[in-house]
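Got your viewer open? Load the model below, switch on side-chain sticks and follow along.

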Amino acid sequence: MATRDTTDSPRRRIVEAAVELLENGGPDAVSTRAVAAAAGMQPPAIYRLFGDKDGLLEAVAEHGYAQFLERKRAQLEPAPQDPVEELRRGWDMVVEFGVSRPELFAVMNRATGQGSDVAHRAGLEILHGRVRRLAAGGWLRVDEELAAQIIQATGQGAVITWHSTPADRRNPALLTTLREAMVAAITRAEPTVPAAETGPAAAAARALRAALPDDADVLSDAEQHLLREWLTRLAADGGALHA
């Protein structure tokens, strides 16, 4: 996906010109004639390389995802030591991207092409990795899938609310408050689980499930499936396994 734009190629010039027009003037500014002029090319080049305007916008979305993923991956080096702070930094990065680049963010969210879908799934893998590290450390108060959904929903909601609010009424405290509400909803103040709430087995089950390797040689596929099912039920039921 991103490798096509690593040189100063006609495709790259066109995509970057389209991104600039999009961010300065919105979607209506991204006409094939305007993009071609900004890239120093003729309009037929756009049709030859992208098919039509929709194809060009898909390429713009892929370009945005490449930049987005580069920033997300940069947060993983060096390896994060505090999974809760890693969660905060990851959420902040996503929201900052959406707040500072609203037109590109909107195009990315509307994209349906294969390249954008691959990039979107790559971003989700990074998110689920963060959630897995929280679970392995005993920090999660909810199931991993629900935690990931809460992180996504609050991040998207923060960006949408920010841009739907008149500029003179936008308060940065909204973003901080939403982030901390998200953190409080999915994590614990300490990596322990009070027995009165869900039972100590739930935290242990979440941590063990998160730590299981995907290709453990000591267990067959059927045994791994059964173990994961038991751990999932323990994590959800607070320690009760029912027939």
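**First stop: a salt bridge between helices**

Select Arg-88 and Glu-180: they form a salt bridge, with the closest N and O atoms 2.8 Å apart. A salt bridge here is a side-chain nitrogen of Lys or Arg within 4 Å of a carboxyl oxygen of Asp or Glu. This pair ties together distant parts of the chain, since Arg-88 sits in helix α5 and Glu-180 in helix α9 (residues 173-186), 92 residues apart. Helices (H or I, at least four residues) and strands (E, at least two) are DSSP runs, numbered from the N terminus.

Before moving on, some housekeeping. This is a predicted model, where local features need pLDDT of at least 70 and side-chain atom pairs count only at pLDDT 80 or more, while totals for chains, interfaces and linings use all residues. Residues are numbered from 1 along each chain as its sequence is written, and side-chain values use heavy atoms, with hydrogens and water left out.

Now colour by accessibility. Buried means under 20% relative accessible area, exposed means over 50%, and partly exposed is in between (1.4 Å probe, protein chains only). Arg-88 has a relative accessible area of 17%, so Arg-88 is buried. Glu-180 comes in at 27%, so Glu-180 is partly exposed.

**Widen the selection**

Add Asp-92 and Arg-179. Their side chains meet in a salt bridge too, 2.9 Å from N to O. Again the pair links distant parts of the chain, with Asp-92 in helix α5 and Arg-179 in helix α9, 87 residues apart. Which of the two is buried, and which partly exposed? Asp-92 counts as partly exposed because its relative accessibility is 30%, and Arg-179 counts as buried because its value is 16%.

Put Glu-85 into the selection as well: Glu-85, Arg-88, Asp-92, Arg-179 and Glu-180 are linked in a network of salt bridges. Side chains of opposite charge can pair when their charged atoms come close. By the same 4 Å rule, the count comes to eleven salt bridges.

**A pair within one helix**

Jump to Arg-121 and Asp-117, whose side chains meet in a salt bridge of 3.1 Å, N to O. Both lie in helix α7 (residues 114-136), four residues apart, or about one turn of the helix. Arg-121 is at 43% relative accessibility, so it counts as partly exposed; Asp-117, at 37%, therefore counts as partly exposed.

**Along α8**

Select residues 144-164, which make up helix α8. Nine names to highlight in α8: Glu-144, Ala-147, Ala-148, Ile-151, Thr-154, Gly-155, Ala-158, Val-159 and Trp-162 are buried. They cover an arc of only 135° around the axis, so they fall on the same side of α8. That arc is taken over the directions from the helix axis to the C-beta atoms. Flip to the face turned away from the buried side and you'll find the exposed residues Ala-153, Ile-160 and Ser-164.

Try a distance check from end to end. The 21 residues of α8 should span 30 Å at 1.5 Å a residue, and the end C-alpha atoms are 30 Å apart, which agrees. The expected span is 1.5 Å times one less than the number of residues. At the start of α8, look for a side-chain oxygen of Asp-143 within 3.1 Å of the backbone nitrogen of Glu-145.

**Over to α4**

Select 53-74 for α4. Among its buried residues are Glu-58, Glu-62, His-63 and Lys-72. The elements covering the buried residues include α1 (10-25), α2 (32-39), α3 (43-50), α5, α6 and α7. Asp-52 caps the N-terminal end of α4, with a side-chain oxygen 3.2 Å from the backbone nitrogen of Asp-54.

Just past α4, in the loop before α5 (83-100), is Pro-78. A cis peptide bond joins Glu-77 to Pro-78, with omega about -5°.

**Last residue: Arg-101**

Arg-101 lies in the loop between α5 and α6 (102-110). Its relative accessible area is 19%, so Arg-101 is buried. Leaving aside neighbours within four places in sequence, Arg-101 is in contact (heavy atoms within 4.5 Å) with Val-19, Glu-23 and Gln-67. The side chains of Arg-101 and Glu-23 also share a polar contact of 2.9 Å. A polar contact is a pair of N or O atoms within 3.5 Å; within protein, one must be able to donate a hydrogen and the other to accept it, and residues adjacent in sequence count only if both atoms are side-chain atoms.

**Zoom out**

The protein has eleven helices and zero strands. Of its 243 residues, 40% count as buried.
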